[in-house]
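I opened my notebook to look at one helix and what surrounds it. Here is what I looked up, step by step.

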Amino acid sequence: MPWWHTSDNFEPIDQFVRSTMSLADLDPESVAAIGLYLDNREYEMAFEGLFLELIKSRKTIKLNASECIGMARQLKLDKETVFDHQFWSKFETNLHDMAK
């Protein structure tokens, strides 16, 4: 069973967000905000914020789409979001575009 199917294990999500953030070369304000969400164990906000910043920056980073979708579903971002009510459709479109 993939780790993202276990609902209480957020350490891999924390590591994923931090490593992806460093690869993405985001602006300092975004890095600080996402880092604060992680430090406060607000993984949904950190994950959503990271992907919204990636979408906005139009940076292409090689990501495992099924793993990203699994993490997002573990965080229930397919059902409820914090920052953008259209997050899920933007997220899926962005992952699809990155795979091209």
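**Entry 1: the buried side of H2.** I began with burial in H2, keeping in mind that this is a predicted model. Ser 30, Ile 34, Gly 35 and Leu 38 come out as buried in this helix. I then checked how they are arranged: they lie on the same side of H2, because the arc they cover around the axis is only 125°. The textbook background fits nicely here: an α-helix has 3.6 residues a turn, so residues three or four places apart point the same way.

**Entry 2: the other side.** Which residues of H2 are exposed on the other side? I found Pro 28, Glu 29, Leu 36 and Asp 39 there.

**Entry 3: partners.** Next I asked what the buried residues of H2 pack against. I noted two helices, H1 (11-24) and H3 (43-57).

**Entry 4: length check.** H2 runs over residues 28-39, which makes 12 residues. At 1.5 Å a residue the helix should span 16 Å, and I read 16 Å between its end C-alpha atoms, so the two agree.

**Entry 5: the two ends.** At the start of H2, I saw a side-chain oxygen of Asp 27 within 3.1 Å of the backbone nitrogen of Glu 29. Just after the helix, Arg 41 has a positive phi of about 60°.

**Entry 6: the core.** I moved on to the largest nonpolar core, which has 25 residues. The members that touch the most others are Phe 16, Val 17, Ile 34, Phe 47, Leu 50, Phe 51 and Phe 91. So Ile 34, from the buried side of H2, turns up again in this list. H1, H2, H3, H4 (65-74) and H5 (87-98) each give two or more residues to the core. H3 supplies the largest share, with 7 residues. As a general reminder to myself, nonpolar side chains tend to be buried together in soluble globular proteins.

**Entry 7: Phe 47 up close.** I picked Phe 47 and left aside its neighbours within four places in sequence. Its contacts are Ile 13, Phe 16, Val 17, Cys 68, Met 71, Ala 72, Leu 75, Leu 77 and Phe 91.

**Entry 8: the whole chain.** Finally I stepped back. I counted 5 helices and 0 strands, in the order α-α-α-α-α along the sequence. Of the 100 residues, 40% count as buried. Among contacts with a separation of 6 or more, 69% join residues 24 or more positions apart. The accessible surface is about 6,100 Å², and carbon and sulfur atoms account for 50% of that area.

Note on methods:
Residues numbered from 1 in each chain as written. Predicted model: local features only at pLDDT ≥ 70, side-chain atom pairs only at ≥ 80, totals over all residues. Heavy atoms only, no water. Helix = DSSP H or I, 4+ residues; strand = E, 2+ residues; numbered from the N terminus. Expected span 1.5 Å × (residues − 1). Buried < 20%, exposed > 50% of the residue type's maximum accessible area, 1.4 Å probe, protein only. Arc of directions from axis to C-beta. Contact = heavy atoms within 4.5 Å. Polar contact = N/O pair within 3.5 Å; in protein donor to acceptor, adjacent residues only side chain to side chain. Core = buried A, V, L, I, M, F, W, Y, C linked by side-chain atoms within 4.5 Å. Areas by Shrake-Rupley, 256 points an atom, 1.4 Å probe, with all protein chains shown as cover.
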